[in-house]
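I opened this notebook to keep track of what I looked up, starting with the cysteines and then turning to the strands.

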Amino acid sequence: MTHSIAFNFEDGVTRFIDANAGETVADAAYRQGINIPLDCRDGACGTCKCFAEAGRYDLGEDYIEDALSADEAQQGFVLTCQMRAQSDCVVRVPVSSDVCRTRQASYDATISAVRQLSDSTIALSIKGEALSKLAFLPGQYVNLGVPGSEQTRAYSFSSLQRDGEVSFLIRNVPGGLMSSFLTGMAKAGDSMSLAGPLGSFYLRDIRRPLLLLAGGTGLAPFTAMLERIAEQGSEHPLHLIYGVTNDFDLVELDRLEVFAARIPNFSFSACVANPDSRHPLKGYVTQHIEPRHLNDGDVDVYLCGPPPMVEAVSQFIREQGIAPVNFYYEKFAASAA
């Protein structure tokens with residue numbers, strides 16, 4: 001027995017799949033080539049969270065509260081990696097159909113450039129004929145293989161794909177597997193593999209002002225987004241606040257200046273948390289969010305940074321009594337292993 005599952009994507013596209021009895025909706029989607037957001041498959045991360053608008057289903061009990069709270073489940077939110085349809089269902093997927101159109105692909109490439117921008121940040125560019133076929137939405141990430149190991153690390157694209165070349169901003173973690181390779185052994189021409197694209201943190205259609213908040217190498221997805229905005233333009237104001245811990249963590253400021261010159265409605269500021277900083281703006285990102293940036297709630301907020309930053313920004317916005325129309329965020333944590 002099978003049930004029909006209708007996926008409604010945020011760009012208005014609807015796709016239908018058939019789910020077999022006892023098969024999870026996520027497994028059914030991937031089996032039929034629809035790449036809905038998915039990371040762990042174990043009900044632990046919440047990446048595959050969607051909203052069931054119609055139908056009967058079973059979620060089981062093998063998921064954790066952090067991934068799906070009881071209140072969310074009561075409202076109709078589901079983890080598609082746990083959801084098993086018991087009737088025909090309609091599921092609203094909070095990403096564009098473009099994200100889900102293609103199965104995750106693997107690519108081989110070579111290093112075209114590796115530069116240490118500061119003690120804390122490495123810029124990596126890779127290039128290959130296969131990458132000329134790589135499509136992704138600005139803001140997404142891939143899993144890069146660490147040469148000489150079976151390990152991968154997730155990094156957001158810091159540029160769009162041009163002539164088979166893509167770039168990344170990578171935090172230099174002392175003792176980190178990827179960091180050790182890039183600072184000690186990597187050279188132009190070395191082979192690298194990547195798999196993706198992945199993730200639901202990406203630039204949507206711009207329909208209102210944007211507030212972009214970056215912490216450290218969380219700047220990477222925003223530079224890719226700004227490349228796209230520079231190509232397409234925007235009639236709405238865009239403001240980026242870029243926060244780091246120390247002065248030497250500030251990178252790519254020249255690039256942001258270029259974007260400010262190319263995009264009429266774009267402005268940015270950078271701040272340093274260390275009170276001994278010599279930078280003009282000190283403190284945390286939240287200390288530099290002005291009421292005009294939140295536009296009485298008529299704003300889309302994009303945030304990429306470490307978990308404490310995500311939590312601090314979320315609390316700050318709540319304390320202002322303002323609910324943005326949309327609040328998209330991506331947490332990241334560096335791996336030292």
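I looked for disulfides first, and in this predicted model I found zero of them. I noted for myself that a disulfide is a covalent bond between the sulfur atoms of two cysteines.

I then asked which cysteine sulfur is nearest to that of cysteine 45. The sulfur of cysteine 40 is the nearest, at 3.6 Å, and cysteine 45 is in no disulfide; I checked this against the cut-off, which asks for two cysteine sulfur atoms within 2.5 Å. I also looked up how accessible cysteine 45 is, and wrote down that it counts as partly exposed because its relative accessibility is 37%.

Cysteine 89 was my next entry, and this residue is in no disulfide either, with the nearest cysteine sulfur, that of cysteine 50, lying 12 Å away. Is cysteine 89 buried or exposed? I recorded it as buried, because its relative accessibility is 3% and the limit for that label is under 20%.

From the cysteines I moved on to the sheet. I read it as an open sheet of five strands, in the order E2-E1-E7-E3-E5, with mixed pairing. The edge strands are E2, covering residues 14–20, and E5, covering residues 77–79, and each of these pairs on one side only. For the twist I noted an average of 35° from one strand to the next.

Last, I followed one pairing within this sheet, that of strand E1 (residues 2–9) with strand E7 (residues 89–93), which runs in the parallel sense over five bridges. When I looked up alanine 6, I found that its bridge partner in E7 is valine 90.

Note on methods
Residues are numbered from 1 along each chain as its sequence is written. This is a predicted model: local features need pLDDT of at least 70, side-chain atom pairs count only at pLDDT 80 or more; totals for chains, interfaces and linings use all residues. Side-chain values use heavy atoms; hydrogens and water are left out. Buried means under 20% relative accessible area, exposed over 50%, partly exposed in between (1.4 Å probe, protein chains only). Two strands pair if DSSP finds at least two bridges between them. Helices (H or I, at least four residues) and strands (E, at least two) are DSSP runs, numbered from the N terminus. Axes are lines fitted to C-alpha atoms, for helices over the stretch in contact, and angles run from 0 to 180 degrees between N-to-C directions.
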